[in-house]
Structure formats: structure tokens, C-alpha cells
Amino acid sequence: MDEVYVLYQCGTDEPSGEPLQSAFAQVDAGGKDPKIFSVPLKAVAVESTVPIAMMVGSDERRFAMQTVQAVSEDLNLIPRITYLPSYVASSCAQFVLGCQENSFNATLESHVESVDAVIRSDTPSWPGSYPAELEPLVIQFSASQDPGALARVEWHKFLGLFFNKASRPQAGALHLLPFVSLEARDKTVARPIAMDLPAEELYQKVAESFNSHVENAAALNAPPTKVAWCTYNAVASWNPVPSVVCYVGGTYKYKKDLVEAAGGELLDSDNSDGSSITFSLDTQAGIDALRAFLLGADAVVDETYSANNNNYTLASFME
């Protein structure tokens, strides 16, 4: 989204003047002004479910899964969230949801004044529509636009920077763009803020586990399991006919990564030019095409959304 974020430690002076302009000149921000934040952020509004999985703490996950390690949700930032979206699945996040009067409203002065930043997941196709005066508070969190599985996990490091939960960068490295961090205590040099906390370690643990699965699957030297990864979409304002979408690659490469890491093969994933195949269910030809596609699968990942998972059963799937 062509944005640059300048971070400085709380208790120090906000960076300004020549050092700021010099650092800003090194990156392409598409003509936009840099957004300046004092870190760590103390109160944020989260406008998307995408960052939530990276913000809730591992204590909840350990309790729910009865496992010693649960590194996928480990930044433990729930206490920093003032407003969050109503579709969150995490029980900790739902508890916070029960305490807030309503969702974040950018037109209410009381809401805007109560947060240090607003974390959104806008895309070029679906840009945000916030008032211009609020834009300096908006942080774009684009993990869902990153195609690879590990690439998405790496967004922990980006998010962690805003809460002093990132790793210590190597001296002189600015490797976490699209932002620039300045250490305000020495305004003569533009460089990242040094932080010694868990986002980098978390990513490394996930990467090691993921790569271990890849190696184990390869060692089996067995024919890959053919997997169809599909979603049923009912009729809606944005979907005039019922359909099933099956993902094959493109921007959904992370699904392909996960299947292949487990020794499988995403059905029709050689279709590298497309992200998905859509089967319209309003005609017999569309239904027959879906059946023919699924006949090539050994397993199906059903990603259909259900407002109440208790009501979504095998019979629902077979319909």
C-alpha cells in the first residue's frame, strides 16, 4: 500500500527535521507522508480478523490445546486491543469483544482519541474509506496478501515492531521495510530500533517445524495425496449464484505450501496462472464439472464458512 512507518521509543523526542527527511528519502512511499508512531503502542483498534491470530497470547492456546508449545499465536497483545471486529474466533478476543460497547467507529471522536493506532488489512482492490485526518493512525497489515505460508508467518515481525516485541536487527540493517525506524536518542543516524523480544524467535520456531514436516514428507518417498481445497459460497449480494471455489495457487499459494509440506499435492495446482477455479451450481453442467474435478481428489479440505460450526455436519457438506 506504499506506506512508510517511522517508529521511536516512548520517552524520547519525536524524530523530525533533516534526519527524518533523509531516512524517508531512501524509500518509495508513493508520494505519501510517513506515519510516525511512539512505540510500544498502548491501545489499538483492530479492524480486521487477519492480525488477531498473531496478537493473542499463547497461554490461551496452551490451555485450549493442552500442549506445551503453541507458537502461532504468541505475541500476547490482547491487553493492547481496545476495539476489535465482531467475527473473531479466539476465546480471549471474544472476551474483549464482550467488554466493548460496539465496534470501532472512525467518526466518533471518543473512539479515535482512545487509540494510538488502527490496524487494518486493506487491499488495492478494497481500499479503506477512513477520513483523511485519521489516515496518520492507520497501520496496514497485509499478511493476507502475502502468498506463501512462511511469508505470512513472518508478519509477526512487522507487527511486533509496533509493540517492542520484535527481534534485534543486525547493525545498520533496514530489512523490515516497508517502514523506517529511527532511534530518536541519536538523531544524527537513521537506523532501526533495537529490540530483544520474541517475534523473530517465534518465526524461527514455526519455520523449523514447517521445514521439518517438508523433510519428513519427502523422506517417505510416497506418491502424493491429491487434495482438493474448496469453499462453498451460498447466494449473497456479492455472489448471485451458488458456487464452489477450489484453490489451486496464485495468491492462495500458502494453501499449496501447507498441502505439499504434508506430502500432498493440491489438485490442479499446475494451473500456475490462476488462483482458483469456480464451479457455478446453478446449472447441471457446473455441478457435473465439480463432480469430475473432485473425482481426482483423495482428500477434500472444506473451508466453507458457517456462522455456527455445531450446525455444520457431514450431511451439510454432502448437500
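## Exercises: strands, a pocket and salt bridges

In strand 12, Val 301 is the bridge partner of Trp 229. Keep in mind that this is a predicted model. Let's work outward from that pair.

**Exercise 1.** Work out which strands pair with strand 8, and in which sense.

*Solution.*
- Step 1: start with strand 12 (residues 299-302), which pairs with strand 8 in the parallel sense over four bridges.
- Step 2: look at strand 10 (residues 264-266), where the pairing with strand 8 (residues 225-233) is parallel too, over three bridges. Here Thr 225 sits opposite Gly 264.
- Step 3: try strand 9 (residues 243-247), which runs antiparallel to strand 8 over four bridges. Cys 230 stands opposite Cys 246 of strand 9.

**Exercise 2.** Find which elements line the second largest pocket, then follow Met 318 from there to the surface patch.

*Solution.*
- Step 1: get the volume, which is about 580 Å³ for the second largest pocket.
- Step 2: pick out the residues closest to its centre. Of the 17 lining residues, these are Val 244, Leu 290, Phe 317, Met 318 and Glu 319.
- Step 3: sort by element. Strand 8, helix 10 (284-294), strand 12 and helix 11 each give two or more residues to the lining, and helix 10 gives the most, with four.
- Step 4: take Met 318, which lies in helix 11. Its relative accessible area is 60%, so Met 318 counts as exposed, the cut-off being over 50%.
- Step 5: move to the patch. Met 318 joins Leu 294, Val 300, Leu 314 and Phe 317 in a nonpolar surface patch of about 480 Å². Helix 11 (residues 314-318) supplies the largest share, three residues.

**Exercise 3.** Compare three of the salt bridges by where their partners sit in the chain.

*Solution.*
- Step 1: a search of the whole structure turns up nine salt bridges.
- Step 2: take Lys 35 and Glu 135, with 3.6 Å from N to O. Lys 35 is in strand 2 (residues 35-39) and Glu 135 is in the loop between strands 5 and 6, 100 residues apart. Lys 35 is buried at 8% relative accessibility, while Glu 135 is partly exposed at 27%.
- Step 3: go on to Glu 200 and Lys 157, at 3.1 Å. This pair ties helix 8 to helix 7, 43 residues apart. Lys 157 is buried, at 7%.
- Step 4: finish with Glu 260 and Lys 256, whose closest N and O atoms are 2.9 Å apart. Both lie in helix 9 (residues 253-261), four residues apart, about one turn of the helix. Glu 260 is partly exposed at 35%, and Lys 256 is partly exposed at 21%.

Definitions and conventions:
Residues are numbered from 1 along each chain as its sequence is written. This is a predicted model: local features need pLDDT of at least 70, side-chain atom pairs count only at pLDDT 80 or more; totals for chains, interfaces and linings use all residues. Side-chain values use heavy atoms; hydrogens and water are left out. Patches are made of residues with over 30% relative accessible area and no salt bridge: like charges are joined within 9 Å, nonpolar side chains (Val, Leu, Ile, Met, Phe, Trp, Tyr) within 5 Å. Accessible areas come from the Shrake-Rupley method with a 1.4 Å probe; for residues, only the protein chains shown count as cover. A salt bridge is a side-chain nitrogen of Lys or Arg within 4 Å of a carboxyl oxygen of Asp or Glu. Buried means under 20% relative accessible area, exposed over 50%, partly exposed in between (1.4 Å probe, protein chains only). Two strands pair if DSSP finds at least two bridges between them. On a 1 Å grid over the protein atoms alone, a cavity is a set of points where a 1.4 Å probe fits but cannot get out, and a pocket is an open set with protein on both sides within 12 Å along at least five of seven lines; lining residues have an atom within 4 Å of a point. Grid points are joined across faces, edges and corners, and a volume is the space filled by probe spheres set on the points.
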